[in-house]
Amino acid sequence: MANTPQARKRIRRNERRAEINGARLSRIRTFVKKVEAAVAGGDKAAAAEALKAAQPELARGVARGVLHKNTASRKFSRLTKAVASL
C-alpha cells in the first residue's frame with residue numbers, strides 16, 4: 001500500500017492514464033482492423049482509404065507514448081505491403 005502522499009497521487013494518476021491509453025490503443029486497433037478487413041475482402045480502393053486513415057492514428061499513438069516507434073513502423077509497413085499486393 002502507498003504510504004506517501006506522492007505515491008497515492010501516482011496511483012490515482014496511473015489509473016486515469018491507463019484508462020485513456022487503453023482507449024487510444026483500442027482506437028488504433030480498430031483502424032488497423034478496418035484495413036485488414038478491406039484487404040481480406042479484396043477491395044483495393046477501400047483498403048487504400050482505410051490505410052490512409054490508419055497511418056495518422058499509428059503516428060499519434062507513437063507521439064502519445066502508447067506505441068513504440070518501431071511497432072508502429074512495422075504495422076504500417078506490413079499494411080502498406082498488403083494493400084499494394086491487391
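## Packing of α2 and α3 in a predicted model

The axes of α2 and α3 approach within 10 Å and cross at roughly 175°. Axes here are lines fitted to C-alpha atoms, for helices over the stretch in contact, with angles running from 0 to 180 degrees between N-to-C directions. Angles under 35 degrees count as roughly parallel, over 145 as roughly antiparallel, 65 to 115 as roughly perpendicular and the rest as oblique; α2 and α3 are therefore roughly antiparallel to each other. Helices (H or I, at least four residues) and strands (E, at least two) are DSSP runs, numbered from the N terminus.

This is a predicted model, in which local features need pLDDT of at least 70 and side-chain atom pairs count only at pLDDT 80 or more, while totals for chains, interfaces and linings use all residues. Residues are numbered from 1 along each chain as its sequence is written, and side-chain values use heavy atoms, with hydrogens and water left out.

On the α2 side, Lys44, Ala47, Ala48, Leu51, Gln55, Leu58 and Val62 meet Lys69, Ala72, Lys75, Phe76, Leu79, Thr80, Val83 and Ala84 of α3. By class, the residues of this contact are ten nonpolar, two polar and three charged. Ala, Val, Leu, Ile, Met, Phe, Trp, Tyr, Cys and Pro count as nonpolar, Asp, Glu, Lys and Arg as charged, and the others, Gly among them, as polar. Contact means heavy atoms within 4.5 Å.

The largest nonpolar core has 14 residues, of which Val35 and Leu58 touch the most other members. Two or more core residues come from each of α1 (5-41), α2 (44-63) and α3 (69-84). Such a core is a set of buried Ala, Val, Leu, Ile, Met, Phe, Trp, Tyr and Cys residues joined through side-chain atoms within 4.5 Å. Beyond its neighbours within four places in sequence, Leu58 contacts Ile28, Val32, Leu67, Ala72, Lys75 and Phe76.

Ala72 belongs to helix α3 and is buried, at a relative accessible area of 6%. Buried means under 20% relative accessible area, exposed over 50%, and partly exposed in between (1.4 Å probe, protein chains only). With neighbours up to four places away set aside, Ala72 is in contact with Leu58, Val62 and Leu67.

Glu57, in helix α2, is buried as well, with a relative accessible area of 8%. Its side chain makes a polar contact of 3.0 Å with that of Arg27 and one of 2.7 Å with that of Arg60. A polar contact is a pair of N or O atoms within 3.5 Å; within protein, one must be able to donate a hydrogen and the other to accept it, and residues adjacent in sequence count only if both atoms are side-chain atoms. Outside the range of four places in sequence, Glu57 touches Arg27, Ile28 and Phe31.

Two loop residues complete the account. Asp43 lies between α1 and α2 and is partly exposed, at 41% relative accessibility. A polar atom of the Asp43 side chain lies 3.4 Å from the backbone nitrogen of Ala45. Farther than four places along the chain, Asp43 touches Ala38 and Leu86. Val66, in the loop between α2 and α3, touches Asn21, Arg24, Leu25 and Gly61 under the same sequence exclusion.

C-alpha separations for three pairs are listed below.

| Pair | Separation in sequence | C-alpha distance |
|---|---|---|
| Ala72 and Val62 | ten residues | 7.0 Å |
| Asp43 and Val83 | 40 residues | 9.0 Å |
| Val66 and Lys81 | 15 residues | 24 Å |
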